[in-house]
Amino acid sequence: MTIDELYRFVKFMANKENRGWIKPSEFNLLADRVQLDIIKDRVGTVSPDGIVNGYKANAQFWDELRPVIAYNVRLDNDGDGDFNTNNNDTAVTADDIDVFGTDGDYLYFLSARYNSKPVDMVDMNEVWVRRESYLNPPSEDFPVGIITDQGIRVFTQTANLGGSQDDGQVRLTYIKKPPSPSWGYTVVNNIEIYNSATSIQLTLPESTHKEIAHRILAYIGVTLREQTIVEYGTVTVAEQNK
């Protein structure tokens, strides 16, 4: 459905029997939050025991996430050993985007390759164990990587890569942050009228739109303290996620 159809559906459900109303600004805020919530749930959330409990990697999973997957994006070395700059040219310039920076769109890691070799991504503690290992140390053919606040740091043998951008090439596949959906409007006689030209549609596909509507209603129910709306939104989402 379009962003207008979604907004009208949410208003209809939230305003049954005059229980409450939702302004465009509130709807836009919730639509953005819910779209990110669904992406997080699809990727999988970490349980207290550290096990990732998420959706199985089936066709539906990838069909729903495909619009927010950045495939095989080239990252360049920043000179300090971290690969973070989205650069398609021959040299890093001031105009290049830091994928992991405040203006970047990185959300969740999927895979990385260093010089066409798969990078084994580990946590901060394990990387030191691997670097000191005699049996399974990092190498050019079996690189090891970690994600830092600067980007991806790749290790081969005993030292991390540093220096110039010629130290290798990292290609990253990751979940990216979609544009924030927005119900755009113009005001006529103090009434908001839908404006498709200034609206931003949902990035996730049609198959997720019903769930997005239900999750928005669950949030609205909490805001309005209306138990019926809360129960409708949360129970419906729970049934969909079984």
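This report describes the fold, cores, strand pairing and salt bridges of a predicted model.

**Overall make-up**

The protein contains six helices and 14 strands. Of its 242 residues, 39% are buried. Sequence-distant contacts are frequent in the count. Among contacts between residues at least 6 apart in sequence, 61% join residues at least 24 apart. The exposed surface comes to about 13,800 Å². Carbon and sulfur atoms supply 51% of that area.

**Nonpolar cores**

In soluble globular proteins, nonpolar side chains tend to be buried together. Here, the largest nonpolar core has 26 residues. Leu-6, Val-10, Phe-27, Ile-216 and Ile-220 touch the most other members of this core. Four helices each supply at least two of the core residues: helix 1 (3–14), helix 2 (24–43), helix 3 (59–65) and helix 5 (209–224). Another core lies apart from this one. It has 14 residues, including Ala-70, Phe-100, Ala-112 and Tyr-174.

Which residues does Phe-27 contact, leaving aside its neighbours within four places in sequence? The list is Ile-3, Leu-6, Tyr-7, Val-10, Ile-22, Trp-183 and Ile-216. Leu-6, Val-10 and Ile-216 thus appear again; they are also among the core residues that touch the most other members.

**Strand 10 and its partners**

Strand 10 spans residues 152–156. Four of its five residues are buried, which leaves the strand mostly covered. Strand 10 pairs with strand 4 (residues 82–86) in the antiparallel sense, over two bridges. Strand 9 (residues 144–147) also runs antiparallel to strand 10, and four bridges join the two.

Ile-152 takes part in both pairings. It is the bridge partner of Phe-83. It also stands opposite Ile-147. Strand 9 and strand 10 form a hairpin with four residues between the strands. In that hairpin, Gly-151 takes a positive phi near 150°.

**Pro-143, ahead of strand 9**

Pro-143 sits in the loop between helix 4 and strand 9. Is this proline buried or exposed? Its relative accessible area is 1%, so Pro-143 is buried. The cut-off for burial is under 20%.

Leaving aside neighbours within four places in sequence, Pro-143 contacts Tyr-114, Lys-117, Pro-118, Val-119 and Asp-120, along with Val-154, Phe-155 and Thr-156. Val-154, Phe-155 and Thr-156 fall within strand 10 (residues 152–156). Pro-118 is 25 residues away along the chain, yet the C-alpha atoms of the two prolines are separated by 7.2 Å.

**Salt bridges**

A search of the whole structure finds 11 salt bridges. The table gives three of them, with the distance between nitrogen and oxygen.

| Basic residue | Acidic residue | N to O distance |
|---|---|---|
| Arg-215 | Asp-41 | 2.7 Å |
| Arg-74 | Asp-76 | 3.2 Å |
| Arg-130 | Asp-120 | 2.8 Å |

Arg-215 forms a salt bridge with Asp-41. This pair links distant parts of the chain: Arg-215 is in helix 5 and Asp-41 is in helix 2, 174 residues apart. Both helix 2 and helix 5 also supply residues to the largest core. Why does Arg-215 count as buried? Its relative accessibility is 10%, and the limit for burial is under 20%. Asp-41 has 25% relative accessibility and therefore counts as partly exposed.

Arg-74 and Asp-76 meet in a salt bridge through their side chains. Both of these residues are buried.

Arg-130 and Asp-120 make another such pair. Arg-130 belongs to helix 4 (residues 124–131) and Asp-120 to strand 8 (residues 120–121), 10 residues apart. With a relative accessible area of 9%, Arg-130 is buried. Asp-120 counts as partly exposed because its relative accessibility is 37%. Asp-120 is also one of the residues that Pro-143 contacts.

Which residues are joined into one network by salt bridges that share partners? They are Asp-41, Arg-42, Glu-64, Glu-211 and Arg-215.

**A nonpolar patch on the surface**

Val-188, Ile-191 and Ile-193 make a nonpolar surface patch of about 250 Å². Ile-193 is found in strand 14 (residues 191–194). At 39% relative accessibility, Ile-193 counts as partly exposed.

Notes. Residues are numbered from 1 along each chain as its sequence is written. This is a predicted model: local features need pLDDT of at least 70, side-chain atom pairs count only at pLDDT 80 or more; totals for chains, interfaces and linings use all residues. Side-chain values use heavy atoms; hydrogens and water are left out. Patches are made of residues with over 30% relative accessible area and no salt bridge: like charges are joined within 9 Å, nonpolar side chains (Val, Leu, Ile, Met, Phe, Trp, Tyr) within 5 Å. Accessible areas come from the Shrake-Rupley method with a 1.4 Å probe; for residues, only the protein chains shown count as cover. A salt bridge is a side-chain nitrogen of Lys or Arg within 4 Å of a carboxyl oxygen of Asp or Glu. Buried means under 20% relative accessible area, exposed over 50%, partly exposed in between (1.4 Å probe, protein chains only). A nonpolar core is a set of buried Ala, Val, Leu, Ile, Met, Phe, Trp, Tyr and Cys residues joined through side-chain atoms within 4.5 Å. Contact means heavy atoms within 4.5 Å. Two strands pair if DSSP finds at least two bridges between them.
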